[in-house]
Amino acid sequence: MTNTVVIGCADQALAYELRSQLDEIGEFEIGYIAETTSEFSSAVIRLEPDVVILHDAIGPQTAIDVVRELSLRRPTMSPIVVCGDPSPESLMPLVEAGARGILTYPLAFEEVEARLRAATEWSRAMSDVVATPHDSVAGVGARVICFTGSKGGVGTSTVATHIALDVAREVPNFRVALLDLDLEKGDVSSLIDVRYRSSIADVARVSNDLNVRTIADAVVPHDSGLHLLLTPHQVQDVEFITPQSVRVIIATLRQAYDLVIIDGGSHVTPTQVAAVELADEVVMVTTPDVLSLRGVRRNLDSWDGLAVRKAETTRVLVNNSSKHNAIQADLVHRLAQAPVISVALPSLHKQLEAAVNSRDPLTLRESSWWKALRAIGKEIELVPVQPRTDVAAEAIKAEISTRRGERRRGRGRRRQRGAKVAGSESGQISIETVGLLPTILLVCVFLWQIALVGMSSIYASHAADAAARQASLGHAPGPTAYEKVPSYFRDGMTVDPSAQAPSDGVVSVHVKVPLFVPGVFSGPWSIDATRKVVQEP
């Protein structure tokens, strides 16, 4: 049996040596050799190998962060790290992060073979445990979607907030977290009316010992079920939020939620780059104008230059789309240099302004906006078939539910008072609907009978035309006229004359109008159609 191996190594000499030793072993096939951590992570997620080999000198993300992240997303995978420094201080963090084996320079064939076989056996054993029916789960790790902007003011925070809120309220038992990483502005707290004390800065301070309980204390639950992790109130607290802490926070959020949506802002910063590199999907929001589209190209080039994400793995979302724009969809596709989402968000400035001023996105009643958001979510696969369940998610759910209990009881009492009034109104509406039902049925019957009259007139005209044409050729007009009329309209139909050419040069067709049901009942009236016969020489 051949096992697939993915190698992450920027050193060409070391990659060649590893390839040679794997070829000599014979049981392992190299699926991909990546030179950056982003390429390595993408290859592992795509190929799902049993064993991966990672060089500790690869960048830009550290080997410890990569091993920790992949161990959370692929628990059955066995990472082997090639370490240049064999000291315990360097090896222990790798083992604690989840490495199943360590290789040091120079590479010995026997050691490489032993590490690979041990890692393969462990991976197969873990796969068997996970595949057991009573231990199976719907998925491992949340899906992380990062929304960024080509420039300020294109609506990145609005799109990220609204789409996260819509998923949280529309998909039952689906845990959604919204992480605001736009540290310069932090508009999510302005779009949703929430009060909070803990922020992402408080979580970043304890990122070295971060766990699910700490995240549960920092997130802010919204009435819709959406959980928010927002920017700090004081600008000086932003210095605690480092790329390393962002990676740990995102990895912890993966354990506790089914979907993590990130507002990455519009500026290429170290924290945004960390989120872009770890995200499963990156959506760049832009507007159909030259300035925004130039921002798209600038940000894509910056990410490519930093080796965190290539343009073809990023999607572009057009906001404020209108038929009056000078730049339309075909031109956006040519200028974006990245795949463009097929659904564009409509231009709704006035409606969105009212929702922003009230700090309640749910006051926006435009169905076209929510339909577009759901179509976008379907295209980027926001929601899987079945939400996953695990111990970490249940822990954060229980932790947050205790803080929301009091508010729910207060809303429940108000709803009971409103339910009494609503009950009487709904009863009155039901009675009125029953009273109008006979009138509605009578109108429908009348419209159907009018339609039958129109159909009879059409069929009579077709039959008369065909009969006159046959009579002009000296043939009997009757059989052809009957063929032009459906069988259920022939009851009471006559053709004059039917068997011989007319003497007066005129052919008449009479079609009875059906009563309610064609072919069963005929009404007292008929439709007549007369055509003049032109004799052919």
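Which ring does the charged end of Arg46 sit over? The ring of Tyr32, with 5.6 Å to its centre. A second arginine does something of this kind. Arg205 lies over the face of Phe240, 4.2 Å from the ring centre. Keep in mind that this is a predicted model.

Let me give the overall numbers. The protein chain has 537 residues, and 45% of them are buried. Its secondary structure comes to 17 helices and 15 strands. Take the contacts with a separation of 6 or more: 74% of them join residues 24 or more positions apart. The exposed surface is about 26,800 Å². Carbon and sulfur atoms supply 54% of that surface.

Now the sheets. I start with the parallel one that holds β2. Five strands make up this open sheet, in the order β2-β1-β3-β4-β5, and the pairing is parallel. Which strands stand at the edges? They are β2, residues 28-34, and β5, residues 101-104. Each has a single partner strand, so one side of each is left without a neighbour in the sheet. On average, neighbouring strands here are turned by 20° against each other, direction ignored.

Look at the β5 end. Strand β4, residues 78-83, pairs with β5 in the parallel sense over four bridges. One residue pair to find: Cys83 has Thr104 in β5 as its bridge partner.

Two helices to point out on this sheet. Helix α1, residues 12-25, packs on it and touches β1 (3-8), β2, β3 (51-55) and β4. The direction of α1 makes about 165° with that of β2. Helix α2, residues 37-47, also packs on the sheet. Its contacts are with β1, β2 and β3, and its direction makes about 140° with that of β2.

Next, strand β10, residues 259-263. How many of its five residues are buried? Five of the five, and the strand is mostly covered. Both faces are covered. On one side sit Leu259, Ile261 and Asp263; on the other, Val260 and Ile262; all are buried.

And the partners of β10? Strand β6, residues 143-149, runs parallel to β10, joined by five bridges. There, Val144 stands opposite Val260. Strand β7, residues 176-180, pairs with β10 too, again in the parallel sense and over five bridges. In that pairing, Leu178 has Ile261 as its bridge partner.

On to a single residue, Val276. Helix α11, residues 270-278, contains Val276. Is Val276 buried or exposed? Buried, with a relative accessible area of 0%. What does Val276 touch, leaving out residues up to four places away in sequence? Cys146, Thr148, Val282, Trp303 and Arg309. Cys146 and Thr148 fall within the residue range of β6, 143-149. Thr314 is another residue to mark: Val276 and Thr314 are 38 residues apart in sequence, with 9.5 Å between their C-alpha atoms.

Now the antiparallel sheet. Three strands form it, open, in the order β13-β14-β15. The edge strands are β13, 494-496, and β15, 522-532, and each pairs on one side only. Neighbouring strands are turned by 20° against each other on average, direction ignored. Strand β14, residues 506-514, pairs with β15 in the antiparallel sense over eight bridges.

Stay on β15 for a moment, at Arg531. Val507 stands opposite Arg531. The relative accessibility of Arg531 is 26%, so Arg531 counts as partly exposed. Beyond four places in sequence, its contacts are Ser461, Ala464, Asp465, Ala468, Gly505, Val506 and Val507. Ala463 is 68 residues away along the chain from Arg531, and their C-alpha atoms are separated by 9.9 Å.

Last, the aromatics. How many aromatic pairs does a search of the whole structure find? Two. One of the ring pairs is Tyr488 with Phe489: centres 5.5 Å apart, planes at 55°, so the pair is tilted. The cut-offs behind that word: under 30 degrees would count as stacked, over 60 as edge-to-face. What about burial? Tyr488 is partly exposed at 40% relative accessible area, whereas Phe489 is buried at 1%. Ring pairs link Tyr459, Tyr488 and Phe489 into a cluster.

That's the tour. Questions, please.

Note on methods:
Residues numbered from 1 in each chain as written. Predicted model: local features only at pLDDT ≥ 70, side-chain atom pairs only at ≥ 80, totals over all residues. Heavy atoms only, no water. Pairing = 2+ DSSP bridges. Axes fitted to C-alpha atoms, helices over the stretch in contact; angles between N-to-C directions. Phe/Tyr/Trp six-rings, centres within 6.5 Å; stacked < 30°, edge-to-face > 60°. Buried < 20%, exposed > 50% of the residue type's maximum accessible area, 1.4 Å probe, protein only. Lys NZ or Arg CZ within 6 Å of the ring centre and 35° of its normal. Contact = heavy atoms within 4.5 Å. Areas by Shrake-Rupley, 256 points an atom, 1.4 Å probe, with all protein chains shown as cover.
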